[in-house]
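Subject: A structure for you to look at

Hello,

Here is the structure I promised to pass on. Please open it alongside this email, and then read on for what turned up.

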Amino acid sequence: MLTAAALWIAAAAPASDALPPVAAPEPLVALTAPTPEQIGAFWQVVIEQQLIIRVPAQRSQLNNFAAGPMPSRRATEIPIVWKEKKAPKCVAMRNIMGMQATQRDSIDIITRQKQRLRAQLNRGCRALDFYAGFYMQGSKDGNLCEDRDQIHARTGAKCEIDKFRLMVPVRDDD
């Protein structure tokens, strides 16, 4: 108990060799408005945005891996015959609903307006790579254009579209 009292008295008594109290430190950063030179040099903001759109695939004869055909009333229907016509060079991405792999080197894109556009893929690309659909990266104008944009398969394939053709159903009068 005597030791505790001695320590308490020593702590309360001013020391002769103690330093005077220190003033509060200056702030490290001055809170002033930056000069025009500082704005250009130190205040840059980069905003990046990437939009990826997935287009689902619909089953066709080329990509239907089912065990066997199921009997249905569609089997008795007359198959549709398609004729290719001139098509626009670009398609609005927001209008694309689905796709079908129908030929070896092209896919059919189905739009919200119930149009069918055949996208001819560039050399070396196979439509079978796109059996599960494709992804496309959003562009500034919101269009998927021939000889400009690429479509990406889930398998890793990347293909550029060479040409679009409008597919129109015709009567088979044979």
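Below is a short tour, from the whole chain to a few places in it.

Please keep in mind that this is a predicted model.

The whole chain

The chain contains two helices and ten strands. Going along the sequence, the order is α-α-β-β-β-β-β-β-β-β-β-β, so to speak a pair of α elements followed by the β ones. Of the 174 residues, 24% are buried. The exposed surface comes to about 14,000 Å², with carbon and sulfur atoms supplying 56% of that area. Among contacts with a separation of 6 or more, 59% are between residues 24 or more positions apart.

Strand 5 and its neighbours

A good place to start is strand 5, residues 106–111. How many of the residues in strand 5 are buried? Six of six are, which leaves the strand mostly covered. This holds for both faces: S106, D108 and I110 are buried on one side, and I107, I109 and T111 are buried on the other.

Strand 5 has a partner on the way in and another on the way out of the sequence. Strand 4 (residues 96–101) runs antiparallel to strand 5, and five bridges join the two. Q100 is paired with D108 there, and four residues separate the two strands of this hairpin. Strand 6 is also antiparallel to strand 5 and is joined to it by five bridges, with I107 paired to A119. Strands 5 and 6 form a hairpin too, again with four residues between them; in that turn, K114 has a positive phi of about 65 degrees.

A charged network

The count of salt bridges in the model is eight. Which residues does D108 meet in this way? One is R116, with N and O 3.1 Å apart. The other bridge named here is to R118, where the closest N and O atoms are 2.7 Å apart. D108 sits in strand 5 and R118 in strand 6, ten residues apart, so that this pair links distant parts of the chain.

Are these charged residues buried or exposed? D108 has a relative accessibility of 1%, so it counts as buried. R116 is buried at 15%, and R118 is buried at 9%. Through shared partners, salt bridges join E84, D108, R116, R118 and R165 into one network.

A bridge between two loops

Another salt bridge brings together the side chains of E146 and K89, at 3.7 Å from N to O. E146 is in the loop between strand 8 (143–145) and strand 9 (150–153), while K89 is in the loop between strand 2 (81–86) and strand 3 (90–92), so the bridge ties together parts that are 57 residues apart in sequence. The two ends differ in cover: E146 is buried, with a relative accessible area of 11%, whereas K89 is exposed at 56%.

D129 in its loop

The last stop is D129, in the loop between strand 6 (116–121) and strand 7 (134–137). Although D129 lies in a loop, its relative accessibility is 18%, and since buried means under 20%, D129 counts as buried. Its side chain makes a polar contact of 2.9 Å with the side chain of R126. Leaving aside residues up to four places away in sequence, D129 touches A153, T155 and A157.

Enjoy looking around!

Best wishes

Terms used:
Residues numbered from 1 in each chain as written. Predicted model: local features only at pLDDT ≥ 70, side-chain atom pairs only at ≥ 80, totals over all residues. Heavy atoms only, no water. Buried < 20%, exposed > 50% of the residue type's maximum accessible area, 1.4 Å probe, protein only. Polar contact = N/O pair within 3.5 Å; in protein donor to acceptor, adjacent residues only side chain to side chain. Contact = heavy atoms within 4.5 Å. Areas by Shrake-Rupley, 256 points an atom, 1.4 Å probe, with all protein chains shown as cover. Salt bridge = Lys/Arg side-chain N within 4 Å of Asp/Glu carboxyl O. Pairing = 2+ DSSP bridges.
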